[in-house]
Amino acid sequence: MKALLIALVIVAVAHGYVLLRNRAFVKLQDFNGGYTLNSSTYNRIAYDPATNLLFVTAKEPGHLSVFTLSYQGVPTLVTVFKLDSDTRGQPLDIEFCRPVEPGGIARLAISFNDPSNPAADGTVRIYRALSPVSPTLEIIQTLTVGSQPVDMEFAQDCNVLVVANQGRPAQDLSSVLDPEGTVTKISLPFDLTESSVITVTTIGFSALFSGSIGQDTLRSWRKTTSASDLYATTKATPSVLLRTWNPQTS
(Lines give C-alpha, C1' and ligand atoms only; values in the text may rest on other atoms or scores of the structure.)
Protein backbone atom coordinates (compact mmCIF):
# COMPACT_ATOMS: atom_id res chain seq x y z
CA MET A 1 0.00 0.00 0.00
CA LYS A 2 2.79 2.42 0.89
CA ALA A 3 4.59 1.75 -2.39
CA LEU A 4 1.40 2.46 -4.33
CA LEU A 5 0.89 5.80 -2.60
CA ILE A 6 4.46 6.88 -3.33
CA ALA A 7 4.04 6.01 -7.00
CA LEU A 8 0.85 8.05 -7.23
CA VAL A 9 2.55 11.08 -5.66
CA ILE A 10 5.42 10.90 -8.12
CA VAL A 11 3.07 10.78 -11.09
CA ALA A 12 1.07 13.75 -9.82
CA VAL A 13 4.19 15.87 -9.33
CA ALA A 14 5.46 15.01 -12.80
CA HIS A 15 2.42 16.63 -14.45
CA GLY A 16 2.88 20.22 -15.59
CA TYR A 17 0.97 22.92 -17.43
CA VAL A 18 1.99 25.82 -19.62
CA LEU A 19 -0.17 28.90 -19.22
CA LEU A 20 -0.07 31.39 -22.09
CA ARG A 21 -1.03 34.96 -21.24
CA ASN A 22 -1.87 37.69 -23.74
CA ARG A 23 0.87 40.32 -23.68
CA ALA A 24 -0.24 42.55 -26.51
CA PHE A 25 -2.04 42.54 -29.85
CA VAL A 26 -1.93 44.58 -33.02
CA LYS A 27 -4.34 45.50 -35.76
CA LEU A 28 -3.11 44.79 -39.27
CA GLN A 29 -3.36 47.63 -41.75
CA ASP A 30 -3.96 47.48 -45.45
CA PHE A 31 -1.28 49.05 -47.65
CA ASN A 32 -3.09 52.40 -47.51
CA GLY A 33 -2.79 52.50 -43.73
CA GLY A 34 -6.48 51.82 -43.11
CA TYR A 35 -8.16 49.26 -40.87
CA THR A 36 -10.88 47.89 -43.12
CA LEU A 37 -12.84 44.67 -42.72
CA ASN A 38 -10.92 41.67 -44.07
CA SER A 39 -8.10 43.95 -45.21
CA SER A 40 -5.36 41.61 -44.04
CA THR A 41 -6.41 38.05 -44.76
CA TYR A 42 -4.40 34.82 -44.97
CA ASN A 43 -1.55 35.91 -42.72
CA ARG A 44 1.85 34.22 -42.47
CA ILE A 45 4.64 35.31 -40.14
CA ALA A 46 8.43 35.11 -39.83
CA TYR A 47 10.78 36.40 -37.13
CA ASP A 48 14.38 37.63 -37.01
CA PRO A 49 15.67 37.14 -33.44
CA ALA A 50 18.85 39.13 -34.14
CA THR A 51 16.91 42.35 -34.82
CA ASN A 52 13.62 41.52 -33.02
CA LEU A 53 11.70 42.17 -36.23
CA LEU A 54 8.43 40.35 -36.88
CA PHE A 55 7.27 40.02 -40.51
CA VAL A 56 3.58 39.52 -41.32
CA THR A 57 2.31 39.03 -44.86
CA ALA A 58 -1.29 39.50 -45.96
CA LYS A 59 -2.70 37.96 -49.11
CA GLU A 60 -5.60 40.34 -49.84
CA PRO A 61 -4.50 43.01 -50.49
CA GLY A 62 -0.89 41.89 -50.77
CA HIS A 63 1.39 43.64 -48.29
CA LEU A 64 4.12 43.03 -45.73
CA SER A 65 3.85 44.55 -42.26
CA VAL A 66 7.04 44.83 -40.20
CA PHE A 67 6.88 45.08 -36.39
CA THR A 68 9.61 45.49 -33.80
CA LEU A 69 9.46 43.54 -30.53
CA SER A 70 12.42 45.33 -28.96
CA TYR A 71 10.40 47.16 -26.31
CA GLN A 72 9.51 44.48 -23.71
CA GLY A 73 8.27 42.20 -26.46
CA VAL A 74 5.34 44.48 -27.34
CA PRO A 75 4.86 44.66 -31.15
CA THR A 76 5.22 48.15 -32.58
CA LEU A 77 4.59 48.80 -36.26
CA VAL A 78 7.71 49.92 -38.13
CA THR A 79 6.50 50.05 -41.74
CA VAL A 80 4.21 48.45 -44.32
CA PHE A 81 5.38 47.41 -47.79
CA LYS A 82 2.92 47.07 -50.65
CA LEU A 83 3.28 43.79 -52.53
CA ASP A 84 1.56 44.54 -55.82
CA SER A 85 -0.61 41.49 -56.53
CA ASP A 86 -1.18 42.58 -60.13
CA THR A 87 2.50 42.15 -61.04
CA ARG A 88 3.89 39.74 -58.43
CA GLY A 89 0.86 37.65 -57.49
CA GLN A 90 -0.54 37.11 -54.01
CA PRO A 91 1.94 36.37 -51.19
CA LEU A 92 1.37 32.85 -49.87
CA ASP A 93 4.15 32.22 -47.34
CA ILE A 94 7.15 33.93 -45.74
CA GLU A 95 10.29 32.50 -44.13
CA PHE A 96 13.41 34.09 -42.63
CA CYS A 97 16.82 32.56 -41.96
CA ARG A 98 20.07 34.02 -40.64
CA PRO A 99 23.21 31.81 -40.89
CA VAL A 100 24.90 31.17 -37.56
CA GLU A 101 28.40 31.20 -39.00
CA PRO A 102 29.98 34.65 -39.56
CA GLY A 103 29.87 36.00 -43.10
CA GLY A 104 26.60 34.39 -44.10
CA ILE A 105 23.93 36.56 -45.71
CA ALA A 106 20.59 36.62 -43.90
CA ARG A 107 17.66 36.01 -46.24
CA LEU A 108 13.93 36.65 -46.30
CA ALA A 109 11.86 34.52 -48.70
CA ILE A 110 8.29 35.27 -49.84
CA SER A 111 6.38 32.96 -52.19
CA PHE A 112 3.79 34.22 -54.69
CA ASN A 113 1.26 32.64 -57.00
CA ASP A 114 0.96 33.68 -60.63
CA PRO A 115 -0.90 37.03 -60.87
CA SER A 116 -2.97 36.09 -63.91
CA ASN A 117 -3.41 32.31 -63.64
CA PRO A 118 -3.44 30.44 -60.29
CA ALA A 119 -2.64 27.19 -62.11
CA ALA A 120 0.59 28.56 -63.60
CA ASP A 121 4.03 28.38 -61.98
CA GLY A 122 4.60 30.57 -58.94
CA THR A 123 7.70 32.43 -57.79
CA VAL A 124 9.85 32.74 -54.70
CA ARG A 125 11.49 36.12 -54.14
CA ILE A 126 14.58 36.29 -51.94
CA TYR A 127 15.12 39.62 -50.13
CA ARG A 128 17.90 41.02 -47.96
CA ALA A 129 17.41 41.16 -44.20
CA LEU A 130 15.70 44.37 -43.12
CA SER A 131 17.34 46.90 -40.84
CA PRO A 132 15.28 47.97 -37.81
CA VAL A 133 16.58 51.55 -38.21
CA SER A 134 15.76 52.17 -41.88
CA PRO A 135 13.98 49.10 -43.28
CA THR A 136 13.92 48.73 -47.05
CA LEU A 137 12.76 45.75 -49.08
CA GLU A 138 15.69 44.91 -51.38
CA ILE A 139 15.25 41.92 -53.65
CA ILE A 140 18.21 39.64 -54.33
CA GLN A 141 16.75 37.18 -56.83
CA THR A 142 13.40 35.89 -58.15
CA LEU A 143 13.06 32.14 -58.70
CA THR A 144 10.42 30.12 -60.54
CA VAL A 145 8.83 27.21 -58.66
CA GLY A 146 5.65 25.14 -59.09
CA SER A 147 2.01 26.18 -59.01
CA GLN A 148 0.71 27.66 -55.72
CA PRO A 149 3.83 27.61 -53.47
CA VAL A 150 1.87 27.52 -50.20
CA ASP A 151 4.56 26.50 -47.69
CA MET A 152 8.34 26.90 -47.31
CA GLU A 153 11.02 25.75 -44.88
CA PHE A 154 14.70 26.72 -44.61
CA ALA A 155 17.31 24.14 -43.64
CA GLN A 156 19.16 24.88 -40.40
CA ASP A 157 22.18 26.28 -42.27
CA CYS A 158 19.94 28.53 -44.44
CA ASN A 159 21.50 27.15 -47.62
CA VAL A 160 18.48 25.10 -48.71
CA LEU A 161 14.89 26.29 -49.04
CA VAL A 162 12.20 23.63 -49.65
CA VAL A 163 8.88 24.73 -51.18
CA ALA A 164 5.57 22.84 -51.25
CA ASN A 165 3.70 23.64 -54.47
CA GLN A 166 0.05 22.74 -54.02
CA GLY A 167 -0.83 22.77 -57.73
CA ARG A 168 -4.23 24.47 -57.51
CA PRO A 169 -6.68 23.64 -60.32
CA ALA A 170 -8.22 26.50 -62.29
CA GLN A 171 -10.70 26.90 -65.13
CA ASP A 172 -10.32 29.06 -68.19
CA LEU A 173 -12.80 29.64 -71.01
CA SER A 174 -12.26 26.28 -72.67
CA SER A 175 -10.80 23.81 -70.18
CA VAL A 176 -9.83 22.98 -66.62
CA LEU A 177 -6.13 23.36 -65.83
CA ASP A 178 -4.96 20.90 -63.18
CA PRO A 179 -1.21 21.23 -62.51
CA GLU A 180 0.63 18.55 -60.60
CA GLY A 181 1.48 19.13 -56.96
CA THR A 182 5.27 19.30 -56.58
CA VAL A 183 8.10 20.06 -54.17
CA THR A 184 10.94 22.44 -55.08
CA LYS A 185 14.42 22.40 -53.57
CA ILE A 186 16.29 25.71 -53.81
CA SER A 187 20.03 25.53 -53.09
CA LEU A 188 21.36 28.91 -51.95
CA PRO A 189 25.02 29.90 -51.55
CA PHE A 190 26.38 31.03 -48.18
CA ASP A 191 27.32 34.50 -49.50
CA LEU A 192 24.11 35.13 -51.43
CA THR A 193 24.17 38.01 -53.96
CA GLU A 194 22.27 39.16 -57.05
CA SER A 195 24.77 37.33 -59.28
CA SER A 196 24.91 34.09 -57.29
CA VAL A 197 24.20 30.83 -59.10
CA ILE A 198 21.12 29.27 -57.46
CA THR A 199 20.09 25.69 -58.22
CA VAL A 200 16.34 25.07 -58.41
CA THR A 201 15.07 21.46 -58.61
CA THR A 202 11.37 20.55 -58.75
CA ILE A 203 10.06 17.00 -58.32
CA GLY A 204 6.53 15.62 -58.70
CA PHE A 205 4.59 12.67 -57.33
CA SER A 206 2.95 11.26 -60.44
CA ALA A 207 5.23 8.22 -60.56
CA LEU A 208 4.39 7.35 -56.94
CA PHE A 209 0.63 7.62 -57.38
CA SER A 210 0.11 6.14 -60.83
CA GLY A 211 -2.24 3.26 -61.48
CA SER A 212 -5.12 2.10 -59.33
CA ILE A 213 -3.98 3.87 -56.15
CA GLY A 214 -4.01 7.27 -57.79
CA GLN A 215 -7.31 6.67 -59.56
CA ASP A 216 -9.21 5.35 -56.56
CA THR A 217 -7.98 7.09 -53.43
CA LEU A 218 -6.05 10.29 -54.20
CA ARG A 219 -8.91 12.45 -55.32
CA SER A 220 -9.82 16.03 -54.39
CA TRP A 221 -12.81 18.01 -55.58
CA ARG A 222 -13.10 21.65 -56.49
CA LYS A 223 -16.29 23.53 -57.40
CA THR A 224 -16.38 25.62 -60.56
CA THR A 225 -18.49 28.68 -61.22
CA SER A 226 -21.38 26.35 -62.00
CA ALA A 227 -22.83 24.93 -58.78
CA SER A 228 -23.77 21.66 -60.53
CA ASP A 229 -20.28 20.93 -61.92
CA LEU A 230 -17.43 19.30 -60.04
CA TYR A 231 -14.02 18.54 -61.48
CA ALA A 232 -11.86 15.84 -59.96
CA THR A 233 -8.11 15.70 -59.71
CA THR A 234 -6.07 12.59 -58.98
CA LYS A 235 -2.86 14.52 -58.40
CA ALA A 236 -1.12 14.82 -55.05
CA THR A 237 -1.32 18.34 -53.61
CA PRO A 238 1.33 18.96 -50.90
CA SER A 239 0.31 21.70 -48.46
CA VAL A 240 2.62 21.60 -45.45
CA LEU A 241 6.35 20.94 -45.00
CA LEU A 242 7.90 19.49 -41.86
CA ARG A 243 11.64 19.70 -41.28
CA THR A 244 13.27 17.03 -39.13
CA TRP A 245 16.21 17.61 -36.78
CA ASN A 246 18.32 16.02 -39.49
CA PRO A 247 18.95 18.99 -41.85
CA GLN A 248 19.01 16.59 -44.81
CA THR A 249 15.41 15.44 -44.38
CA SER A 250 12.03 17.14 -44.90
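**Guided tour: the chain, Thr57 and a four-stranded sheet**

Display the whole chain first: of its 250 residues, 36% are buried, meaning under 20% relative accessible area with a 1.4 Å probe and protein chains only. The model is predicted, and local features require pLDDT of at least 70, side-chain atom pairs count only at pLDDT 80 or more, and totals for chains, interfaces and linings use all residues. Residues are numbered from 1 along each chain as its sequence is written, while side-chain values use heavy atoms and leave out hydrogens and water.

Colour next by secondary structure, which comprises three helices and 16 strands; these are DSSP runs, with helices being H or I of at least four residues and strands E of at least two, numbered from the N terminus.

Now select Thr57, a residue of strand β2 (residues 53–58). Thr57 counts as buried because its relative accessibility is 0%. Beyond its neighbours within four places in sequence, Thr57 is in contact with Tyr42, Asn43, Arg44, His63, Leu64, Pro91 and Ile94, where contact denotes heavy atoms within 4.5 Å.

Proceed to the open sheet of four strands, ordered β5-β6-β7-β8 with antiparallel pairing; two strands pair if DSSP finds at least two bridges between them. At its edges are β5 (91–97) and β8 (139–147), each pairing on one side only. Neighbouring strands of this sheet are turned against each other by 20 degrees on average, direction ignored, with axes taken as lines fitted to C-alpha atoms.

Finally, select β5 together with β6 (residues 107–112): six bridges join them in the antiparallel sense. Within this pair, Asp93 stands opposite Ser111 in β6.

Conventions. Buried < 20%, exposed > 50% of the residue type's maximum accessible area, 1.4 Å probe, protein only. Axes fitted to C-alpha atoms, helices over the stretch in contact; angles between N-to-C directions.
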